[in-house]
Amino acid sequence: MYKNARIAAIVPAYNEALLIGRVIETMPDYVDMIVIVDDKSPDNTSEVVREIDDPRVTLIRHEVNGGVGAAIITGHRAAIEAGADVNVVMAGDAQMDPDFLPHLLDAVTDNGYGFAKANRFFAPESFHGMPRYRVFGNILLSFLTKLSSGYWHLFDPQNGYTAVRTEVLKRIPLSHVSQRYSFENDLLVHLNILQVSAVDVPIPAVYGDEVSSIKLRKVVPELLDLLFRGFWRRIWYRYVLWSFSPIALLLFLGLGLFLFGLAVAIWVCFQIAGSVIATAATVMLAALPLMLGTQMLISALQLDIQASPSEPSYPPFVAADGTAP
């Protein structure tokens, strides 16, 4: 138990026979339960887990490989049923240093956040030694995830080292969250729809003997499609269905004006290319909607950034006698 909260560590594992033992053996004593989800590994990951004598460990093996997101969802459900108050996700390849786990837990147990995630890129030096294409990819993916999820104050969205209150997880339709590598991005969209307060926690990454199985050619198109659909789902629920917000009005009207002005501008360009002289009225018919639409879209963006759930909103956990940590 940590500060009056029962802690469950969710460990998705696929071909982690080499490192899964280290993950279990280095798990802090204040973690009450360790849920290992073997996502149908072809190696002996499950056998290694069974050989470790730790009463906190619960092993679940998938009969069908569902992806890292599916493994995490299975672990969350098992921990909720077992009575956990806070679930943390730690990789089965020992990338996530347990020494920094209290930093995440403090955010959700007594600092008022419903969700906390690690951020590996908390300083300029964090990018040293990383290839430029990966730096560019991380920055671009972070921006797209900010736009899609609405958590403009968060960075490093693919970092799976997270802590979340189970009361938050119970409100999320876990069966509708992406079950593959885009799980973290899709989870942020669902959390924002529920307006769950979230925070980044600076934690350095640990790289060792792990081997990545990610196929970028398959993951990138899937991720872009999810972010596009997630953006419109978030806009629909937060700013249209539950409360028709000025953000929705500015977004839809601005997008309509911008697209209309763009279409007219393209038509004018073709006319000019055909030696037809464009009149001032025709040019204004393109320029004015473009300018007004751009301004409205920027205003919608500013309001969305201001609406990012960044303020603590949850009470600290209390002991049975009613005392806080």
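**View 1. Phe231, Trp232 and Phe252 gather into one aromatic cluster.** This close-up, like the others here, comes from a predicted model. The three residues Phe231, Trp232 and Phe252 belong together as a single cluster of aromatic side chains. Across the protein, the count of aromatic pairs comes to six.

**View 2. Phe143 and Trp152 meet edge-to-face.** A pair of aromatic rings is described by how far apart the centres are and by the angle of the planes. For Phe143 and Trp152, the centres are 6.1 Å apart and the planes make an angle of 65°. That angle is over 60 degrees, so the pair goes down as edge-to-face. Are these two residues buried or exposed? Trp152 has a relative accessibility of 13%, which is under 20%, so Trp152 counts as buried. Phe143, at 43%, counts as partly exposed.

**View 3. Tyr237 and Trp242 make a tilted pair.** Here the ring centres sit 5.5 Å apart, and because the planes are at 50°, the pair of Tyr237 and Trp242 is tilted. Both partners have some surface showing: Tyr237 is partly exposed at 30% relative accessibility, and Trp242 is partly exposed at 49%.

**View 4. Phe143 turns up again, this time in a nonpolar surface patch.** Which residues make this patch? Phe143 is joined by Leu147, Leu301 and Ile305, and the patch covers about 310 Å². Two helices, α5 (132-149) and α10 (280-306), each give two or more residues to the patch. Ile305 is found in α10 and is partly exposed, with a relative accessible area of 39%.

**View 5. Glu184 is buried without a salt bridge.** Glu184 is found in helix α7, which covers residues 183-193. How far away is the nearest side chain of opposite charge? That side chain is Arg120, and it lies 9.4 Å from Glu184. A salt bridge needs the charged atoms within 4 Å, so Arg120 is too far off to make one with Glu184. Leaving aside residues up to four places away in sequence, Glu184 touches Ile72, Pro157, Gln158, Asn159 and Gly160.

**View 6. Stepping back, the protein has 10 helices and seven strands.** Its C-alpha atoms fill a box of roughly 85 × 45 × 40 Å along the principal axes. Of the 325 residues in the protein, 48% are buried. The accessible surface comes to about 16300 Å², and carbon and sulfur atoms account for 63% of that. Among contacts with a separation of 6 or more, 78% join residues 24 or more positions apart.

Key:
Residues are numbered from 1 along each chain as its sequence is written. This is a predicted model: local features need pLDDT of at least 70, side-chain atom pairs count only at pLDDT 80 or more; totals for chains, interfaces and linings use all residues. Side-chain values use heavy atoms; hydrogens and water are left out. Patches are made of residues with over 30% relative accessible area and no salt bridge: like charges are joined within 9 Å, nonpolar side chains (Val, Leu, Ile, Met, Phe, Trp, Tyr) within 5 Å. Accessible areas come from the Shrake-Rupley method with a 1.4 Å probe; for residues, only the protein chains shown count as cover. Helices (H or I, at least four residues) and strands (E, at least two) are DSSP runs, numbered from the N terminus. Buried means under 20% relative accessible area, exposed over 50%, partly exposed in between (1.4 Å probe, protein chains only). Rings of Phe, Tyr and Trp (its six-membered ring) pair if their centres lie within 6.5 Å; planes under 30 degrees apart count as stacked, over 60 as edge-to-face and the rest as tilted. Lys and Arg count as positive and Asp and Glu as negative; His and the chain ends are not counted. Contact means heavy atoms within 4.5 Å.
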